[in-house]
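Student: I would like to go through this model by question and answer. Where should we start?

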Amino acid sequence: MRVKWYGAACIMLESDGTRLLFDPFFSLNDKGYKPLLDELSSVMSILVTHGHLDHIVDIPTIWKHGGGKTDVYCSSTPRKVLISKGINNVSIREIMPNDEFSIGAFDIRVLKGKHIGFDKWIVLKTLFRPQIVQYWKNFIYMFKENMICTEAGETIVYDIRADGKQVLLLGSLNLDADTEYPIGADLLILPLQGRSDISEYALSFIDHLMPKMILLDHYDDAFPPISSAVDTEPFVTLIAKRHPNIPVISLKPGVEWIDIDE
């Protein structure tokens with residue numbers, strides 16, 4: 001099994017000819033990486049962790065470009081939004097925690113997740129960023145879309161298995177207190193965005209989940225002025241001190257595959 005990061009929370013997994021795409025999004029940053037539509041449209045299925053715009057708004061474009069042959073797996077709220085944006089109801093498979101299903105070489109278990117809670121400092125910092133003037137069109141677009149694309153308490157964590165390996169994929173950095181998550185996954189895909197103390201905050205989740213390897217995503221400035229580029233070094237340093245046997249990987253968007261079978 002191998003994995004590629006395309007910016008924001010967009011992840012592709014591939015095993016034995018089957019490709020799965022998670023939370024696809026085309027950057028709103030004019031200097032950011034833009035995935036190739038043909039590559040994203042080559043997948044068998046798209047899976048959604050939650051309904052925020054940076055996780056679902058570009059799915060209709062990808063679905064249409066692929067000829068409407070791609071299945072979309074999501075919870076009830078994003079399902080309604082995607083249907084309103086033109087995706088055929090037949091192509092959308094509504095899922096909920098405790099569901100289990102297979103797609104090609106992948107066995108997937110759906111777990112209840114939880115969205116990160118933004119702290120006051122990062123909210124204030126965002127509202128008073130000078131980039132709001134530069135990216136005012138983005139700000140207006142996101143304000144309108146966020147009224148439609150809501151999380152609604154439906155964040156999902158995916159427990160994915162293929163080729164004898166296990167991947168735990170988070171779309172937002174938080175966990176549900178009443179859900180039992182697998183410990184010691186071969187790869188934890190961890191979004192590093194959403195708090196001013198993100199490195200220290202993330203450490204407690206590593207202490208609990210104890211993965212064999214961590215892949216960081218969502219730390220890029222993909223939708224300014226709301227997002228910001230997160231320095232990953234403080235988190236890498238903390239992990240190196242607390243868990244020196246757990247490697248932390250950062251990829252260049254859309255360029256590198258990593259093989260977790262090795």
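Tutor: Start with a definition: a disulfide is a pair of cysteine sulfur atoms within 2.5 Å. The model is predicted, so local features need pLDDT of at least 70 and side-chain atom pairs count only at pLDDT 80 or more, while totals for chains, interfaces and linings use all residues. Residues are numbered from 1 along each chain as its sequence is written, and side-chain values use heavy atoms, with hydrogens and water left out.

Student: How many disulfides does the rule give?

Tutor: The sulfur of Cys-10 lies 16 Å from the closest cysteine sulfur, that of Cys-74, which is too far for a bond. For Cys-74 the closest cysteine sulfur is in Cys-149, at 12 Å, again too far for a bond. The count of disulfides is zero.

Student: Is Cys-74 buried or exposed?

Tutor: Buried means under 20% relative accessible area, exposed over 50%, and partly exposed in between, with a 1.4 Å probe and protein chains only. Cys-74 has a relative accessible area of 0%. By that cut-off Cys-74 is buried.

Student: Which strands are at the edges of the open sheet that contains S4?

Tutor: Strands (E, at least two residues) and helices (H or I, at least four) are DSSP runs numbered from the N terminus, and two strands pair if DSSP finds at least two bridges between them. The open sheet has seven strands in the order S6-S5-S4-S3-S2-S1-S14, with mixed pairing. Each edge strand pairs on one side only, and these are S6 (92–94) and S14 (257–259).

Student: Which residue in S5 stands opposite Leu-47?

Tutor: Strand S4 (residues 45–47) runs parallel to strand S5 (residues 71–74), and three bridges join them. Opposite Leu-47, in S5, stands Tyr-73.

Student: In the other sheet, what is the bridge partner of Val-167 in S11?

Tutor: This open sheet also has mixed pairing, and its seven strands follow the order S7-S8-S9-S10-S11-S12-S13. S10 and S11 pair in the parallel sense over three bridges. The partner of Val-167 in S11 is Leu-187.

Student: Which residue in the turn between S9 and S10 has a positive phi?

Tutor: Strand S9 (residues 156–162) pairs with S10 in the antiparallel sense over six bridges, and Ile-160 stands opposite Val-167. The two strands form a hairpin with two residues between them. The turn residue with a positive phi, of about 55 degrees, is Asp-163.

Student: Which residues of S12 point the other way from Ile-214 and Leu-216?

Tutor: In a regular strand the side chains alternate between the two faces of the sheet. Strand S12 (residues 214–217) has Ile-214 and Leu-216 pointing one way, and all four of its residues are buried. Pointing the other way are Leu-215 and Asp-217.

Student: Which helix gives the most to the lining of the largest pocket?

Tutor: On a 1 Å grid over the protein atoms alone, a pocket is an open set of points where a 1.4 Å probe fits, with protein on both sides within 12 Å along at least five of seven lines, and lining residues have an atom within 4 Å of a point. The largest pocket has a volume of about 990 Å³, the space filled by probe spheres set on points joined across faces, edges and corners. Helices H2 (53–56), H5 (120–127), H7 (136–148) and H8 (198–209) each supply at least two lining residues. The most, six residues, come from H5.
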